[in-house]
Amino acid sequence: MSKKEEVFKDGKRPDGRANDELRPMKMKVGILSNADGSSYLEWGGNKVICGVYGPREAIPKHSQDPKKSLVKVKYSMSTFASKEEHGRAGPSRRSNEISKVIKEALENMVFTEKYPRTQIDVFVDVLQAEGGTRVASITAAALALADAGIPMKDMCCGVAVGKAGDQIIVDLGKEEDNLGQSDMPLALSNRDKNILLLQMDGLLTLEEIEKAIELAEKASDKIHEMQKKAINSVYTEEPEEVFTM
Amino acid sequence: MRNIILPGEEISDQPMRLSNTYVENGKTYASVVGMLDEEGRYTPLESVYSPRPGDTVVGIVVDVRHHGFVIDVNLSSNATLPARDTRLRLEMGDLVFGKIGRIFPSGDIDLQDVRKLSGGKIFDVPTAKVPRIIGKKSSMLDMIRESTNTKIVVGNNGYIWISEQGNIPLVMKVIEYIVENAHKKGLTDKMSEFIKKHME
Amino acid sequence: MGDIKDLIMKEGRRNVLMNMLGKGERLDGRDFNEYRPISVQKGVADTAEGSAVAQIGNTKVLAAVKITSATPFPDRPEEGIFITSAEFLQLADPTFEGGPPREDAIELARVVDRGIRSAEIIDTGSFFIEEGKVLALFLDLYVLDNRGNLMDTAGLAAAAALKDTKIPKVEDGQLIMGEVDRDLNPPEIPVPTTFVKIGHYWVVDPLKDEENVADSRLTITTTSKHVCTMQKAQGVLAKEELLNNINISFNIGKDIRKYL
């Protein structure tokens, strides 16, 4: 059996979703008491928690930029994040790279010049992973930054697009990610749909990339609506006392 | 129904000069989460404290230099009270309050109208919670002052000074309660219940 | 220069806390032997064999149990493996630093680990698969939010995660993930109770402010009948104080077990 047949049974995605359909999402902000801003995101089988601290004095002192604040991102994966094995604690080459590209996405959204010599720390912890953790992390981070009251040009969110079973699809699940033909994680600003994060592996034609980006743009509108709802609920609903995951 | 605005949403199709907004291509956009009322007025709901001239701050004298007093005001760098601007004789460890004077492009801050706070205690709270402790038009702070019979100075910088007289424990409890529950709705109502309960 | 500021802050807090304790009061209005509200939620991570979030006040710890097959330790070839570790997530507290676990995280993991081992609630003898192969149970503690008393919150999360744990099926020496053989079903629940002494007064379930100014700290972990581990941190304590606190911790343990 070829790979595409394994992923796409009877022309359908493994979980039966339409090509432009997102996995179910749940978002919440203000879940941590110490952090200046925080969020919790469930996206399919991903569970991500994010805390933002700052702007606070940048350390070490020699790293301070007299003109702007430094956005620092630390993405980590829990030891129990995947079903298969008990993972290692601490940063890996993979998590370091993801931290870097998330930082390079978010720093475009923040008015960093307002807070010279400071740093803004974004900690993202992936408690549970099922494909697409980096785009889930950006989506959660934008919520936590907004919750922290850090001035931003725009909201943003992440979503992966790609190709599996010869189809262009949005929000790849783990199986589609592992066995599909191409995976292209994106992060987009909400209003202008500027590309803030872009990675890609596998093979795509120019036309396919264009189509995939269009799918991502439509998906980002839906995700933004949910982000807005999550922030809205802070001011309109009685928050739950219990931490729920 | 309040209309909650997220960063990047349009507030006006005209350029406006408002805090926590920015102008792009002649339109004004929000830069922090805020509220837009029926008349189109925008009120920020979450914002990071950045010192502005005229803000009240509480501080601790951490150094006495020839050019003036170096005062910790809970910011990323210490503030200065220039010696030429004051007749106060301060020592290391003295507690003071005053206003933010000049802010230099480097981020250095001069204080003005500084007064010494005698006795009492100083505490820090997250700056994001300060607006909740003060309340609308100082309503929360006035309630705390009156019901606990205590002198309190709340700095926008997150330092709070409480006088030696008065019900310090109750003030502490109230502030602890606000800090723990600041993210919840209807805080002022809950607060008055809380104070009543603990006055007994 | 930061030092004088910290000193003044700490001294101020300490003074006020002592005055309050002298009048029988605590910062958040609790009695000396009263816990903040407790809640426990089991089964929070689908990828783990057992998991729970425990919350005491606003302090939150997540515990997750992963079970895999492993090579036994050479000196105990027929016995399973049980390892506890703790991560202080940086989002939990502005003072938590990155990098490998520091002594506080190591102490936390070891005290929770000792409580579970002493109470003999994980039957590692039943973890034998075949020669050179046993089950390994990893208990990982993740601090999500720190408002004081991480020790008791972690102990509670750990106990709840173990109660939630399902041991996977083993066939022909291979672990069949996703298929359950049996519940771990711990026969006892060790409950840590942490005390701090400020001036002359001992209080349970310390807030962060109380921890920061405490003269002594003591954790006593009990099962329904026995003390199963103890840990004195800073400070000194008299025999009478210890015995009295043990008594209190038995009563508190009884209450807290109801949440599991």
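In this predicted model, the centres of domain 1 and domain 2 of chain B, taken over C-alpha atoms, are separated by 35 Å. The domain assignment places domain 1 of chain B at residues 3-44 and domain 2 at residues 56-117, and it adds domain 3, which covers residues 121-199.

Chain B also contains a barrel, which is closed by five strands in the order β7-β8-β9-β11-β10, with mixed pairing. From one strand to the next, the twist averages 50°. To read such an arrangement, it helps to recall that strands of a sheet pair through backbone hydrogen bonds, either parallel or antiparallel. One pair in chain B can be followed in detail: strand β10 (residues 95-103) and strand β11 (residues 109-117) run antiparallel and are joined by six bridges. Within this pair, B:Lys99 has B:Gln112, in β11(B), as its bridge partner.

We can now turn from chain B alone to the places where chains touch. In the contact between chain C and chain B, 16 residues come from chain C and 17 residues from chain B. The side of chain C that touches chain B is made up, by class, of seven nonpolar, five polar and four charged residues.

Chain C also touches chain A, in a contact that takes 30 residues from chain A and 32 residues from chain C. On the side of chain A that touches chain C, the elements giving two or more residues are β3 (46-57) and β5 (118-128) of chain A. Sorted by class, the residues on this side of chain A comprise 13 nonpolar, 12 polar and five charged.

Methods:
Residues are numbered from 1 along each chain as its sequence is written. Chains are lettered from A and ligands numbered from 1 in the order in which they are written. This is a predicted model: local features need pLDDT of at least 70, side-chain atom pairs count only at pLDDT 80 or more; totals for chains, interfaces and linings use all residues. Two residues are in contact if their C-beta atoms, placed from the backbone, lie within 7 Å. Helices (H or I, at least four residues) and strands (E, at least two) are DSSP runs, numbered from the N terminus. Ala, Val, Leu, Ile, Met, Phe, Trp, Tyr, Cys and Pro count as nonpolar, Asp, Glu, Lys and Arg as charged, and the others, Gly among them, as polar. Two strands pair if DSSP finds at least two bridges between them. Axes are lines fitted to C-alpha atoms, for helices over the stretch in contact, and angles run from 0 to 180 degrees between N-to-C directions. Domain bounds come from an automatic or database domain assignment.
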